[in-house]
Amino acid sequence: MSAHDPVLEPHPATAPQPGRLAPVVRGVHWLRMPVAFAPGHVNVWAIEDQDEHGPCWTLVDAGFPDDATRANWLQALSGDLAGRPVRRILITHCHPDHFGLGDWLAEQTGARIWMSLGEYLTAQAWFGDTPASGIDLMADFFRQHGLPPAQTEAMQLEGRRYRRTVGSVPVAMRRILPGEVITIGDDAWEALVGHGHSPEHLSFYRAHDPVLIAGDMLLPTISPNTPTLPFEPETDAVGQYLDSIERFRSLAAATVVLPAHGDPYRGVVARVDALRLHHDKRLAQIAALCDEPRHAFELLPRLFKRELDSFQTRFAMGEVIAHLNHLWQAGQLRRLPGQDGVIRFTQP
């Protein structure tokens, strides 16, 4: 979903070449890793650190598990990162473009993965064979929201995409508590928890010389996916996300935001305002479309102007259901379970 905001002030740092580091703010270096899907890259960060043995690195996020990203890491580890060992890898959240190479990178460096418990357990569930992560549960959930049988069956045939994509996940990690303050070098970084995009997303904020490593919570030109997931089918992920980004309003006005996708910028409050406006418009659009009872799948062609493949349909369905749940729980739509087993929503 587009949510462009021209008010933001671009930070002057230049994006690094593949496999190279670029300084972005004091003590923090930028690596940009490729991904084969939009937006075509993910940003990861290397922070200058110090432990009892001397200078070292703390990394934030690991990138997508593909050969290009592995090659870039190997180049960086033997080049710009060489001379300092990597002691820990902080993970913002468990999605494959952030966490997918976490296990491999930990093995390469000997570092420990640090992440929130919610993200760790979600990764374990999606990777493993648990009832809450079963493909049949997802298919049944989307079927209840109007997904036709042919597309439901195609989704089931795809099997466990997360496991196939990431290949392996760490069996041990160091838990980061929401609000925990982590000392990196001489600086204190606070772990700020966010919801809606993923279960227990962490951003990292340095108040002195203010910097926010935002992950996917405050992207500069797009709004992150905020899906309702099959194992919590009535959750209001949109409301959770909007409540989460409101907490960023109190950050210093001079904060440099380091997003997971796009370029660094200043303008936290302007970005929060733009994201809220984007979701307000989307909610109003969906409410207007429900002038008669409609299910989520019925709304997809009216909201997305391109053809969606099976993978994109998963994201789109989760997103639309989340907006419908938000409107239902706010009293702006009625939720109507049908005799055909399909849930529809309509105006009061």
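Pro-39 sits in the loop between strand S3 (28–34) and S4, and the peptide bond that joins Ala-38 to Pro-39 is cis, with omega at about 5°. Keep in mind that this is a predicted model. The protein has 11 helices and 16 strands, and here is a quick tour of its overall form, its sheet, a few backbone oddities and one tryptophan.

**Overall form**

- The chain has 348 residues, and a compact globule of that length would have a radius of gyration near 20 Å; the protein comes in at 21 Å, so the two agree.
- Along the principal axes, the C-alpha trace spans about 65 × 40 × 35 Å.
- Buried residues account for 55% of the 348.
- If you take contacts with a separation of 6 or more, 66% of them link residues 24 or more positions apart.
- About 14,700 Å² of the protein is exposed, and carbon and sulfur atoms supply 54% of that area.
- There are 31 positive and 41 negative charges, and their mean positions lie 2 Å apart.

**The seven-stranded sheet**

- Seven strands make an open sheet in the order S2-S3-S4-S5-S6-S7-S8, and the pairing is mixed.
- The edges belong to strand S2 (22–25) and strand S8 (174–175); each has a single partner strand, so one side of each is left without a neighbour in the sheet.
- As background, strands of a sheet pair through backbone hydrogen bonds, either parallel or antiparallel.
- Strand S4 (residues 41–51) and strand S5 (residues 54–60) go antiparallel, with seven bridges between them.
- Within that pair, Gln-50 stands opposite Pro-55 in S5.

**Strands S12 and S13**

- S12 and S13 run parallel and are joined by four bridges.
- Gly-215 stands opposite Pro-259 in S13.
- On strand S13 (residues 256–259), Val-256 and Leu-258 point one way while Val-257 and Pro-259 point the other, and all of them are buried.

**Backbone oddities**

- Most residues other than glycine have a negative phi, and most peptide bonds are trans.
- Asp-61 goes against that habit for phi: the value is near 75°, which is positive in a residue other than glycine.
- You'll find Asp-61 in the loop between S5 and helix H1 (67–78), where Asp-61 is buried at a relative accessible area of 2%.
- Asp-209 also isn't a glycine, yet has a positive phi of about 60°.
- Asp-209 lies in the loop between strand S11 (201–206) and strand S12 (211–215), and at 36% relative accessibility Asp-209 counts as partly exposed.

**Trp-45 and its surroundings**

- Trp-45 belongs to strand S4 and is buried, with a relative accessible area of 2%.
- Neighbours within four places in sequence aside, the contacts of Trp-45 include Val-24, Val-28, His-29, Trp-30 and Leu-31.
- Thr-58, Leu-59 and Val-60 are also among the residues that Trp-45 touches.
- From further along the chain, Trp-45 is in contact with residues including Ile-213, Leu-258, Pro-259 and Pro-264.
- Two of those partners, Leu-258 and Pro-259, turned up above on strand S13, where they point opposite ways.
- His-11 is 34 residues from Trp-45 along the chain, and their C-alpha atoms are separated by 15 Å.

Key: Residues numbered from 1 in each chain as written. Predicted model: local features only at pLDDT ≥ 70, side-chain atom pairs only at ≥ 80, totals over all residues. Heavy atoms only, no water. Helix = DSSP H or I, 4+ residues; strand = E, 2+ residues; numbered from the N terminus. Rg over C-alpha atoms; globule rule 2.2 N^0.38 Å. Buried < 20%, exposed > 50% of the residue type's maximum accessible area, 1.4 Å probe, protein only. Contact = heavy atoms within 4.5 Å. Areas by Shrake-Rupley, 256 points an atom, 1.4 Å probe, with all protein chains shown as cover. Lys, Arg positive; Asp, Glu negative; His and termini not counted. Charge placed at Lys NZ, Arg CZ, Asp CG, Glu CD. Pairing = 2+ DSSP bridges.
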